Amino acid sequence: MNAVLTTTDGRVSLQGFCVGTILSVSLALGAGIASAAVADQSPHDMVRETSDAVLALIEQAREYAQDDPERFYREVQALLDPVVDFESFARSVMAVHYRNATPAQRKRFIESFRSGLVRTYALALTEFEDGEVVVLPPDRPPRDPRRQTVTMQIRTPHGAVYPVLYSVAQDRDGAWKVRNLIVNGVNMGLTFRNQFNSAAQDPKYGGDLDRVIDDWADLIEEEPPGLDETGDAEPEHQA
Amino acid sequence: MQMRTIEIGVGAFVLAGFLALVVLVVQVSGVSLVLAPTNSHRVMAEFDDVAGLRVRSKVSMAGVTIGRVASIDVDPLYGVAIVEMEIYERSWPLPIDTGARILTEGILGARYIGLMPGGDDEMLEDGGYIQDTQGALVLENLIGDLVTRLGAS
């Protein structure tokens, strides 16, 4: 009995120590940044809180995600909307074509980009089961105080670690928003930009931006190779 | 006398052969020997891996050479490579959201930097940093990744 108590005590104090160190390290680094940019919430806290909220949502959504995916997408989108700058993200994907696009085309692309990203993300999440998500404390002072990179590690139960880097920037109100992400060394923003550019030059679309925008969701849903395995629905079809 | 002309001829032929070899090596390595025009602008970029990129490697946009690598440094504290590029005057300015990727040219695998123009109205300053970069994809890392993925499934 006594032994159990001491081990529990030992664990608690050890955890307390770890959290304390991380906190003090991030605070020490944060102090340097805070003088340059005043923000209520650090980008690391923002990413950590959002990923906690998303993980909590997956737990709840397990029952209905299969039957009512639209509801699941809506809920994921509601969590991502305040923290992802879809407009800047979409603009950097359209890149040179953004200048030639009409305001209506731009708006339509931002919408289509947003729902495409949310769907891809939500689908990937349903696959995610017993893994662990860790947001690493900031490791170095940013070069530009208005832009930072937040490193997150996704650890699967099999021991694989996937680093995800979020590029965050401060908007006019001082809130940190995600503008790009680098998954396992692959810069998604640049990959999308390359895809959009190839599609815009593809004779199939004849340089018609409207048609590229219409097909955008299909273009990126083909993209992540791991997602084909998500098809839990396929065996059911056969049965 | 005729012996002599033949010997000189053979010598010249061998020399020309060596010269051709040198030209070939320089061409294949993707290193440009042409001096940069005096009017060039500096742009910096950080990469997580530059594998095989060298000083004087090409910097291109849409396949057109628009500059070259001026210097490559490493930040030993954080393990990132810092690449300084010279961009020729005729291709300046570049939008601030220009992206930089390290690409491979041909089957011999000379590395170069490919720039992708962005859509921002704001332009990069001389000496400014490119935010969006994609480092070289190293074969060993990809294999390592595959092995853990196979092990998992």
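In the predicted model, the side chains of B:Lys58 and B:Glu105 form a salt bridge, with an N to O distance of 2.9 Å. This pair connects distant parts of chain B: B:Lys58 belongs to strand S2 (residues 58–61) and B:Glu105 to strand S5 (residues 99–105), 47 residues apart. B:Glu105 is partly exposed, because its relative accessibility is 31%. B:Lys58 also takes part in a contact with an aromatic ring, its charged end sitting over the ring of B:Tyr112 at 5.5 Å from the ring centre.

A salt bridge also joins B:Glu84 and B:Arg42 through their side chains, at 2.5 Å from N to O. Here too distant parts of the chain are linked, with B:Glu84 in strand S4 (residues 80–88) of chain B and B:Arg42 in strand S1 (residues 40–47) of chain B, 42 residues apart. B:Glu84 has a relative accessible area of 17% and therefore counts as buried, the cut-off being under 20%. B:Arg42, with a relative accessible area of 33%, is partly exposed. Through shared salt-bridge partners, B:Arg42, B:Arg68, B:Glu84 and B:Glu86 are joined into one network.

Over all chains, 14 salt bridges were counted. In chain A, one of them is formed by the side chains of A:Glu75 and A:Arg71, at 3.4 Å from N to O. Both residues, A:Glu75 and A:Arg71, lie in helix H3 (residues 69–80) of chain A, where they are four residues apart, or about one turn of the helix. Both ends of this bridge are partly exposed: A:Glu75 has a relative accessibility of 25%, and A:Arg71 has one of 34%. The charged end of A:Arg71 is in addition placed over the ring of A:Tyr64, 3.7 Å from the ring centre.

Chain A has 239 residues, of which 36% are buried. Its secondary structure consists of nine helices and five strands, in the order α-α-α-α-α-α-β-β-β-β-β-α-α-α from the N terminus. Among contacts in chain A with a separation of 6 or more, 57% are between residues 24 or more positions apart. The loop between strand S1 (132–135) and strand S2 (147–155) of chain A contains A:Pro145. With a relative accessible area of 32%, A:Pro145 is partly exposed. Its C-alpha atom is separated by 28 Å from that of A:Val118, a residue 27 positions away along the chain.

The interior of the model was examined next. In soluble globular proteins, nonpolar side chains tend to be buried together. The largest nonpolar core comprises 46 residues, and the members that touch the most others are A:Phe109, A:Phe113, A:Tyr166 and A:Trp216. Another core lies apart from this one and has 22 residues, including B:Val50, B:Ile87, B:Leu94 and B:Leu124. When neighbours within four places in sequence are left aside, the contacts of A:Trp216 are A:Val93, A:Phe109, A:Ser112, A:Phe113, A:Phe192, A:Gln195 and A:Phe196.

Eight aromatic pairs were counted over all chains. In one of these, A:Phe192 and A:Trp216 are arranged edge-to-face, with 5.9 Å from centre to centre and 75° between the planes. The two residues come from distant parts of the chain, A:Phe192 from helix H7 (residues 188–201) of chain A and A:Trp216 from helix H8 (residues 209–221) of chain A, 24 residues apart. A:Phe192 and A:Trp216 are both buried. They belong to one aromatic cluster, together with A:Phe89, A:Phe109, A:Phe113 and A:Phe196.

Between them, chain B and chain A bury about 2,100 Å², with 45% of this area on carbon and sulfur atoms. On the chain B side, the residues losing the most area to chain A are B:Tyr78, B:Met116 and B:Asp132, which together make up 23% of what that side buries. The contact involves 25 residues from chain B and 22 residues from chain A. One salt bridge was counted between chain B and chain A. In a salt bridge between B:Asp120 and A:Arg91, the side chains meet at 3.2 Å from N to O.

Technical notes:
Residues numbered from 1 in each chain as written. Chains lettered and ligands numbered in written order. Predicted model: local features only at pLDDT ≥ 70, side-chain atom pairs only at ≥ 80, totals over all residues. Heavy atoms only, no water. Phe/Tyr/Trp six-rings, centres within 6.5 Å; stacked < 30°, edge-to-face > 60°. Buried < 20%, exposed > 50% of the residue type's maximum accessible area, 1.4 Å probe, protein only. Lys NZ or Arg CZ within 6 Å of the ring centre and 35° of its normal. Core = buried A, V, L, I, M, F, W, Y, C linked by side-chain atoms within 4.5 Å. Contact = heavy atoms within 4.5 Å. Buried area = accessible area lost by both parts, 1.4 Å probe. Salt bridge = Lys/Arg side-chain N within 4 Å of Asp/Glu carboxyl O.
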